[in-house]
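Thanks for coming. I will keep this short: a word on how the chains are arranged, then two residues. Please have the structure open.

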Protein chains: 2
Amino acid sequence: MPKYYWEDFAPGHVAEYGAYEVSAEEIKAFAAEFDPQPMHLDEEAARASIVGGLCASGWHSCAIMMRILADGFVLDSASMGATGCPEIKWIAPVRPGDRLRVRVKVLDTRVSRSRPEMGFVNARFDMLNAADLPVMSVTTNMMLERRGTSGEPAGAA
Amino acid sequence: MPKYYWEDFAPGHVAEYGAYEVSAEEIKAFAAEFDPQPMHLDEEAARASIVGGLCASGWHSCAIMMRILADGFVLDSASMGATGCPEIKWIAPVRPGDRLRVRVKVLDTRVSRSRPEMGFVNARFDMLNAADLPVMSVTTNMMLERRGTSGEPAGAA
């Protein structure tokens with residue numbers, strides 16, 4: 001049974017999850033599969049690039065953020081996925097050895113009109129490194145089941 | 001030497017890249033590492049979920065899109081990365097066996113004020129399945145070197 005439902009994410013709710021330490025090997029392995037640009041794959045080429053050294057693909061940062069959130073609360077929640085992200089900002093490079101945390105802030109919520117057993121949570125995720133500096137900021141629209149509606153016909157709650 | 005520079009991505013430029021065929025094994029492997037929600041990890045649990053069957057993590061879709069674009073043009077370009085994505089929309093589930101393509105449309109471009117050897121390209125990426133239905137839409141701000149500026153001091157071109 002999920003511990004967290006839509007009602008547990010009210011506007012203003014703040015929480016922090018992590019840490020996840022990312023290695024050079026992981027950065028290169030993700031890049032080799034999905035984003036084989038030299039700055040994500042090779043130390044020497046990365047030093048000569050605009051980022052000045054090996055750094056994770058922005059999509060790897062997103063995947064790491066998802067893992068931190070999954071372990072932090074999503075797997076314990078009545079999550080129904082997400083419709084998208086109104087914004088992703090890659091603020092600073094994610095480097096080998098970085099210990100990453102994610103700070104969650106709920107911005108806004110509403111009940112679905114077409115599926116009253118479901119609610120939307122508009123949240124902002126700030127990924128921070130060990131020096132507490134933001135490396136990425138993501139806003140997203142999560143969908144969660146409302147408490148007490150499980151297994152009942154839509155709208156019965 | 002790169003084949004493509006900022007100048008090659010004028011507003012209105014359209015191109016299409018792919019296909020990339022995604023397997024159930026890849027969907028589950030990505031999920032196990034980054035997004036271990038049942039709908040991405042287990043056929044039976046996925047059938048009981050809102051998406052009605054196994055589907056790729058939205059972040060896996062983003063990573064696949066990046067791979068299609070890297071092979072399509074990014075690795076042949078004077079890419080300097082990206083600052084973020086003003087929007088990601090997960091429109092439809094990505095299923096095992098889906099053959100994915102990405103349609104690129106350049107929306108807007110400008111030269112960087114602080115780094116005149118660089119330009120920005122605001123583009124829209126629509127990821128389509130074999131039935132030509134959009135599964136994801138992403139807008140992004142790419143940074144590319146301007147032609148003829150390589151190795152010269154900033155602003156010399």
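I will start with the symmetry and then go through the two residues in turn.

Keep in mind that this is a predicted model.

Symmetry, then. In general, two copies of a chain are related by a rotation about an axis and a shift along it. Here, chain A superposes on chain B after a rotation of 180°, with 0.0 Å of shift along the axis and an RMSD of 0.0 Å. The two copies are thus related as by a two-fold rotation axis. Both copies use the same surface, since 100% of the contact residues of chain A recur in chain B.

Which residue of chain A comes closest to the rotation axis? That is Glu87(A), with its C-alpha at 2.6 Å.

Next, His60(A). You will find His60(A) in helix α4 of chain A, which covers residues 58–72. Is His60(A) buried or exposed? Its relative accessible area is 1%, and buried means under 20%, so His60(A) counts as buried. Leaving out residues up to four places away in sequence, His60(A) touches Val22(A), Glu26(A), Ile27(A) and Phe30(A), and also Phe34(B) from chain B.

Last, Ser57(A). Ser57(A) sits in the loop between α3, residues 43–47, and α4 of chain A. Ser57(A) is also buried, again with a relative accessible area of 1%. What does Ser57(A) touch, not counting residues up to four places away in sequence? The list is Phe30(A), Asp35(A) and His40(A). Phe30(A) therefore turns up as a contact of His60(A) and of Ser57(A).

That is what I have for today.

Definitions and conventions. Residues numbered from 1 in each chain as written. Chains lettered and ligands numbered in written order. Predicted model: local features only at pLDDT ≥ 70, side-chain atom pairs only at ≥ 80, totals over all residues. Heavy atoms only, no water. Least-squares fit on C-alpha atoms with pLDDT ≥ 70 in both. Contact = heavy atoms within 4.5 Å. Helix = DSSP H or I, 4+ residues; strand = E, 2+ residues; numbered from the N terminus. Buried < 20%, exposed > 50% of the residue type's maximum accessible area, 1.4 Å probe, protein only.
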